[in-house]
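Hi,

Here is the structure I said I would pass on. Have a look at it first, and then read my notes below.

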Amino acid sequence: MRALALCGLLVLSACSAGSVAPVTISQAIAGVQDDLTKTGAVSVSSVQSWTADQAGRFDANVRALQCVQHTSDPVVAMIAGPVTMNLSGTFSQSGQFSVSASSLTPVFGLQAEAIRSRGQTLNVPVQFVPLSALPDAELARQVGYAGALLGQKDTVRQDVSGRIEADRTALAAHVGLLISGYAGICPAGKARPFVGARR
């Protein structure tokens with residue numbers, strides 16, 4: 001009987017030791033935010049209110065892309081919509097324990113089964129456009145984001161559409177300077193596309 005109890009404890013401890021620690025929603029969201037931050041992605045929204053640091057990071061990103069692609073008008077990647085994430089996870093465990101006795105020695109039969117699965121789906125809508133087309137692509141993204149506000153027949157629609165068009169004009173002017181200022185001379189080192197930093 002003691003052997004039976006000991007085997008039962010071993011089975012239960014083995015199953016619990018191999019269980020997968022659950023991932024909380026906040027941990028999953030924080031992980032995605034951290035990954036997006038590590039890519040060095042630079043926002044092109046609200047260019048009129050950029051700080052010097054934001055403008056510097058955007059310019060460094062563009063220069064890295066120009067050097068890697070050897071052109072003044074490189075193809076750039078932009079997040080064209082909201083990033084969404086679906087999480088799923090299951091854990092189930094079952095076990096059987098049986099004892100049969102013969103005339104000589106008892107025979108123990110052990111069977112344990114554990115099923116674990118975790119799933120994560122991350123949707124990042126990425127659009128690839130030439131640098132020169134970036135202002136228009138950002139304009140389209142902002143129009144889609146503004147949605148119902150642009151459908152109103154009052155000053156709200158005028159204000160929103162005016163701000164979006166002003167942002168497009170400012171971004172187009174900034175991009176134009178970067179394109180015309182490319183001389184084909186790149187510093188030594190390995191450029192990191194879409195980041196703008198060098199290692």
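Let me start with a question: is R168 buried, partly exposed or exposed? Keep in mind that this is a predicted model. With a relative accessible area of 23%, R168 is partly exposed; the cut-off for buried is under 20%. I'll come back to R168 once the overall layout is clear.

**The overall layout**

The protein chain has five helices and four strands. Reading from the N terminus, the order is α-α-α-β-β-β-β-α-α. Of the 199 residues, 19% are buried. The chain exposes about 13000 Å², and 59% of that comes from carbon and sulfur atoms. If you take the contacts with a separation of 6 or more, 73% of them are between residues 24 or more positions apart.

**The core**

In soluble globular proteins, nonpolar side chains tend to be buried together. Here the largest nonpolar core contains 16 residues, and W50, F58, V76, L131, L134 and L171 have the most contacts inside it. At least two core residues each come from helix 3 (52-69), strand 1 (75-79), helix 4 (134-146) and helix 5 (155-180). Helix 3 gives the largest share, with four residues.

W50 is a good place to zoom in. Beyond its neighbours within four places in sequence, W50 contacts S43, V44, S45, A55, F58, L171 and H174.

H174 turns up again with D59, a residue of helix 3. Leaving out neighbours within four places in sequence, D59 is in contact with H174 and L178. What about its charge partners? D59 is buried but has no salt bridge, and R63, the nearest side chain of opposite charge, is 4.7 Å away. The limit for a salt bridge is 4 Å, so that pair does not count as one.

**Helices 4 and 5**

Helix 4 has 13 residues, which at 1.5 Å a residue should span 18 Å, and its end C-alpha atoms are indeed 18 Å apart. Its buried residues are L134, P135, A137, E138, Q142 and A146. Among the elements that cover them are helix 3, strand 1, strand 4 (126-130) and helix 5. Right after helix 4 comes G147, which has a positive phi near 50 degrees.

Helix 5 has 26 residues and reaches 37 Å from its first C-alpha to its last, close to the expected 38 Å. The buried residues in helix 5 are V160, I164, D167, L171, V175 and L178. Their cover includes helix 3 and helix 4.

L139 is worth a click too. It sits in helix 4 and is partly exposed, at 23% relative accessible area. Not counting residues up to four places away in sequence, L139 touches I164, E165 and R168. L139 and S45 are 94 residues apart in sequence, yet their C-alpha atoms are 9.2 Å apart in space.

**The salt bridges**

How many salt bridges are there? The count is three.

- R168 and D136: the closest N and O atoms are 2.7 Å apart. R168 belongs to helix 5 and D136 to helix 4, so this pair ties together parts that are 32 residues apart in sequence. D136 is partly exposed at 39% relative accessibility, and R168, as you saw at the start, is partly exposed at 23%.
- E138 and R141: the closest N and O atoms are 2.8 Å apart. Both are in helix 4, three residues apart, which puts about one helical turn between them. E138 is buried, with a relative accessible area of 3%, whereas R141 is partly exposed at 22%.
- R57 and D53: the closest N and O atoms are 3.2 Å apart. These two are in helix 3, four residues apart, so about one helical turn separates them. R57 is partly exposed, at 39% relative accessibility.

If you want a single place to begin, try R168: it touches L139 of helix 4 and forms the salt bridge with D136.

Cheers

Terms used: Residues numbered from 1 in each chain as written. Predicted model: local features only at pLDDT ≥ 70, side-chain atom pairs only at ≥ 80, totals over all residues. Heavy atoms only, no water. Core = buried A, V, L, I, M, F, W, Y, C linked by side-chain atoms within 4.5 Å. Buried < 20%, exposed > 50% of the residue type's maximum accessible area, 1.4 Å probe, protein only. Contact = heavy atoms within 4.5 Å. Lys, Arg positive; Asp, Glu negative; His and termini not counted. Expected span 1.5 Å × (residues − 1). Areas by Shrake-Rupley, 256 points an atom, 1.4 Å probe, with all protein chains shown as cover.
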